[in-house]
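This report describes a protein chain, its enclosed spaces and a few of its residues. The sequence and structure come first, and the description follows.

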Amino acid sequence: MTVHHFELRPFRAKGTHGWRGVLGEFGEVTVEVRRRQRSVKAGSRQSEVRVHGDGVPEILFLTVGPARPTLRNARLTVGGEAVPVAFDGRGLRNTARALRFTCRERAYTYVAESWDRGGTLSRSGVVVSVRRGKSPTGKGMSGLGTVEGVADATDLALAALFEAVDRQELTTSGAVASVLGRVLNPRSPEPVSLD
């Protein structure tokens, strides 16, 4: 059975926040964001995004910085396997700036929409889109997912992960904001790598 639609609802608890939803036959998934204490090695606070559920692989996304988890200096592991991620910071369109990575011998592309409206994760034969919108089941905003093709638990868990990550750098408008920020604050230090 293929999941065709799903909904991720935001939640907030003591020391954590994120998204929860049911991914059809793969069951409930939780995308949980926690702030970790400063480390001597990183020199800054770290954010940890953990995706977990009974039917999905454990995903861990670590990043350094004071705000939301970002794509800069990030480390991604899926089921304990390190997954290098890269994007073209000089691309002029969202599709040119897309995040690209290979996980479990499958090439993925993640294209963000402008200003945190969602994005699309794709691989050969599968497209998983998550868009922010009004929840059909209640009040507030949700991540509304649509699946084309025969997606598995890894595809859906990865798409859910990016709801908790700041994807601004993958957008043209985010690139402009980043350049303006560096021009207006040229002495701002670059985040320290986790390695």
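A cavity, on a 1 Å grid over the protein atoms alone, is a set of points where a 1.4 Å probe fits but cannot get out. The model examined here is predicted. By this rule there is one cavity of 30 Å³ or more.

**The chain as a whole**

The secondary structure consists of two helices and 13 strands. The protein chain has 195 residues, of which 45% count as buried. Its accessible surface is about 10400 Å², and carbon and sulfur atoms hold 54% of that area. Among contacts with a separation of 6 or more, 44% are between residues 24 or more positions apart.

**The largest cavity and T120**

The volume of the largest cavity is about 40 Å³. Its lining is made up of Y110, G119, T120, L121, V128, S129, V130, A159, F162, E163 and R167. Two elements, β11 and β12 (126-134), each give two or more residues to this lining. By class, six of the lining residues are nonpolar, three are polar and two are charged.

T120, one of the lining residues, sits in strand β11 (residues 118-123). T120 has a relative accessible area of 18%, and because the limit for buried is under 20%, T120 counts as buried. Leaving aside residues up to four places away in sequence, T120 touches T109, Y110, V111, V127, V128, S129 and R131. With R131 there is also a polar contact, side chain to side chain, at 3.2 Å.

**Helix α1**

A159, also in the cavity lining, is among the buried residues of α1. Helix α1 covers residues 153-161, and nine of its nine residues are buried, so the helix is largely enclosed by the rest of the structure. The buried set includes D155 as well as L156, L158 and L161. At the N-terminal end of α1, D152 acts as a cap, with a side-chain oxygen 3.1 Å from the backbone nitrogen of T154.

**The second largest pocket**

The second largest pocket holds about 200 Å³ of space. It is lined by 13 residues, and R12, H17, G18, W19 and E163 are the closest to its centre. Strands β1 (5-13) and β2 (16-22) are the elements that give two or more residues to the lining. Six of the lining residues are nonpolar, two are polar and five are charged. E163 appears in this pocket lining and also in the lining of the largest cavity.

**R97 in its loop**

Is R97, a charged residue by class, buried or exposed? R97 is buried, with a relative accessible area of 4%. R97 lies in the loop that runs between β8 (85-87) and β9 (99-103). Beyond residues up to four places away in sequence, R97 touches F87, D88, G89, R90, G91, E169, L170, T171, T172 and A175. One of these, T171, is 74 residues from R97 in sequence, yet the C-alpha atoms of the two are 6.8 Å apart. Polar atoms of the R97 side chain also lie 2.6 Å from the backbone oxygen of G89 and 2.7 Å from that of E169.

The polar atom pairs described above are listed here.

| Side-chain partner | Other partner | Distance |
|---|---|---|
| R97, polar atom | G89, backbone oxygen | 2.6 Å |
| R97, polar atom | E169, backbone oxygen | 2.7 Å |
| D152, oxygen | T154, backbone nitrogen | 3.1 Å |
| T120, side chain | R131, side chain | 3.2 Å |

Note on methods. Residues are numbered from 1 along each chain as its sequence is written. This is a predicted model: local features need pLDDT of at least 70, side-chain atom pairs count only at pLDDT 80 or more; totals for chains, interfaces and linings use all residues. Side-chain values use heavy atoms; hydrogens and water are left out. Helices (H or I, at least four residues) and strands (E, at least two) are DSSP runs, numbered from the N terminus. Buried means under 20% relative accessible area, exposed over 50%, partly exposed in between (1.4 Å probe, protein chains only). Contact means heavy atoms within 4.5 Å. A polar contact is a pair of N or O atoms within 3.5 Å; within protein, one must be able to donate a hydrogen and the other to accept it, and residues adjacent in sequence count only if both atoms are side-chain atoms. On a 1 Å grid over the protein atoms alone, a cavity is a set of points where a 1.4 Å probe fits but cannot get out, and a pocket is an open set with protein on both sides within 12 Å along at least five of seven lines; lining residues have an atom within 4 Å of a point. Grid points are joined across faces, edges and corners, and a volume is the space filled by probe spheres set on the points. Ala, Val, Leu, Ile, Met, Phe, Trp, Tyr, Cys and Pro count as nonpolar, Asp, Glu, Lys and Arg as charged, and the others, Gly among them, as polar. Accessible areas come from the Shrake-Rupley method with a 1.4 Å probe; for residues, only the protein chains shown count as cover.
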